[in-house]
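Reader: I am in my first year and still learning how to look at a protein model. Please choose one part of this one and take me through it slowly, along with whatever sits around it.

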Amino acid sequence: MRVEHDLKLTFDDVLIRPKRSTLVSRSDVTLVREFKFRHSNITWTGIPIVAANMDTTGLFSVAAELQKHSMLTCTQKFYSTKEYTQAWEDGIDPEYVAIACGSTEDSFDLLKRKMATNAGAKLICIDVANGYREIFLEFVRRVRSEFSSAIVIAGNVATREMTEALILAGADIVKVGIGPGSVCTTRKVAGVGYPQLSAIAECADAAHGLAGHVMADGGCSSPGDVAKAFAAGADFVMLGGMFAGHDESGGELVTSSNGKKYKSFYGMSSSKAMQAHYGEVAKHRAPEGKEVRVPYRGQLEISIQAILGGVRSACSYVGARRIKDLPKCTTFIRVTQTTNEVYQRFNVEE
Ligand code: 5GP
């Protein structure tokens, strides 16, 4: 047994230090970024904020809104090939959709069929809860060799050595986050995890050394957290809970006795998701996710504007003209838990 003593940080442990800047206004900041990848020969241009491949957010209805802003949606993996075909006909743009899959033999065949539904499909998201298994690396290699020009996203991991291994196996973008998700219970159930800000910074450092990229996945609960994720080195930021609860999101709309509206939102490893997709919770598995109600938030567009506005504001506070410049312009300051508790006491959402 070993204990690592150096401190690992999460979003609430830091704030971004304001700096003098030559920017005149927030509108000077551009959030659109052009990416070139280590393996794929395709470039991708857009705002690198991504809807999570969860039942309630990885939806074509969400993609239809996000694509208006050149933002990406990782679609939930339970859509059928027929549903993909229909979505393309309905105007969903494959440029802003990553087709998600698991890492089983069946997943591979299904992925091939889904990719074949549109010649423009070029983004693949291989998503497993635990990206540390050798067999997962093998699967990433296989996907890379089958789809040599596709942009391959793979994860999740939270440490440098596995980020490097995934990039060398064929991933263009490594998805980073073990346990930070808003409806994730892995840290409680398994005692496993890694504070997300440090995970992003360390994995980004490892990935960038190999011309790879990282997608920070989980734990953002406000536009400020999204800005901190980019500032820590994330190339893309994936959001679940922040995109839940809207008209375009999935989940049942319920009205409580006091007239307030909520929408259901649940983890993909929760009992709810396992029952819905597999009819039962497998005997060898303990659920590592939960179901919650989130306040109903109306149109997704309103939240998108709030997120983009927040990130633009962070850039203007530190003089970053492009989202790509945010890490080099950022100094984080450590804050005490008291700072956060006071902040939260005065920011209770009703
Ligand atoms: P959020 O943005 O809601 O904080 O986090 C979204 C991320 O949480 C997803 O992209 C996924 O990586 C993770 N996640 C979703 N469902 C579950 C679950 O049931 N268990 C765990 N451990 N993580 C989950």
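Author: Here is a walk along one strand and its partners, followed by the ligand and a few residues elsewhere.

A word on the model first. What you see is a predicted model, in which local features need pLDDT of at least 70 and side-chain atom pairs count only at pLDDT 80 or more, while totals for chains, interfaces and linings use all residues. Residues are numbered from 1 along each chain as its sequence is written, and side-chain values use heavy atoms, with hydrogens and water left out.

Please find strand β7, residues 151-157. Names like this one come from DSSP runs: helices are H or I runs of at least four residues, strands are E runs of at least two, and both are numbered from the N terminus. Is strand β7 enclosed or open? 7 of its 7 residues are buried, so β7 is largely enclosed by the rest of the structure. Buried here means under 20% relative accessible area, exposed means over 50%, and partly exposed is in between, judged with a 1.4 Å probe and protein chains only.

Now look to one side of the strand. Strand β6 (residues 123-127) runs parallel to β7, and 5 bridges join them. Two strands pair if DSSP finds at least two bridges between them. To see one matching position, find I126, which stands opposite A154 in β7. Helix α4 (residues 134-146) belongs to this picture too, since β6, α4 and β7 make a right-handed β-α-β unit. Right-handed has a simple test: with the strands pointing away from you, the path from the first strand over the helix to the second runs clockwise.

Strand β8 (residues 173-176) is another partner of β7, and these two pair in the parallel sense over 4 bridges. I153 stands opposite I173 in β8. The chain gets from β7 to β8 through helix α5 (residues 160-169), in a β-α-β crossover that is right-handed. A154, which you have already met opposite I126, has V174 as its bridge partner in β8.

Before leaving β7, look at residue N156, which lies in this strand. The peptide bond that joins G155 and N156 is cis, with omega about 15 degrees.

What do the side chains of a strand do? In a regular strand they alternate between the two faces of the sheet. You can follow this in β8: I173 and K175 point one way, V174 and V176 point the other way, and all are buried. Strand β8 also pairs with strand β9 (residues 213-217), in the parallel sense and over 4 bridges. There, V174 has V214 as its bridge partner.

Next comes the ligand. Which residues come nearest to it? Of the 21 residues around the ligand, these are S182, D217, G240, S269 and E288; a residue is near a molecule or strand if one of its heavy atoms lies within 4 Å of it. The shell divides into 7 nonpolar, 12 polar and 2 charged residues. In this count Ala, Val, Leu, Ile, Met, Phe, Trp, Tyr, Cys and Pro are nonpolar, Asp, Glu, Lys and Arg are charged, and the others, Gly among them, are polar.

Now zoom in on some atoms. A polar side-chain atom of D217 lies 2.5 Å from an oxygen atom of the ligand. For T186, a polar side-chain atom is 2.8 Å from a nitrogen atom of the ligand. With G241 the backbone takes part: one of its N or O atoms lies 2.8 Å from a ligand oxygen atom. Taken alone the ligand exposes 530 Å², and the protein buries 89% of that. Such areas come from the Shrake-Rupley method with a 1.4 Å probe; for residues, only the protein chains shown count as cover.

Finally, some residues with positive phi. A211 sits in the loop between α7 (196-209) and β9. Its phi is near 65 degrees, a positive value in a residue other than glycine. A211 is partly exposed, with a relative accessible area of 44%. S70, in the loop between α1 (60-66) and β4 (71-75), is another non-glycine residue with a positive phi, near 55 degrees.

How values were computed. Polar contact = N/O pair within 3.5 Å; in protein donor to acceptor, adjacent residues only side chain to side chain.
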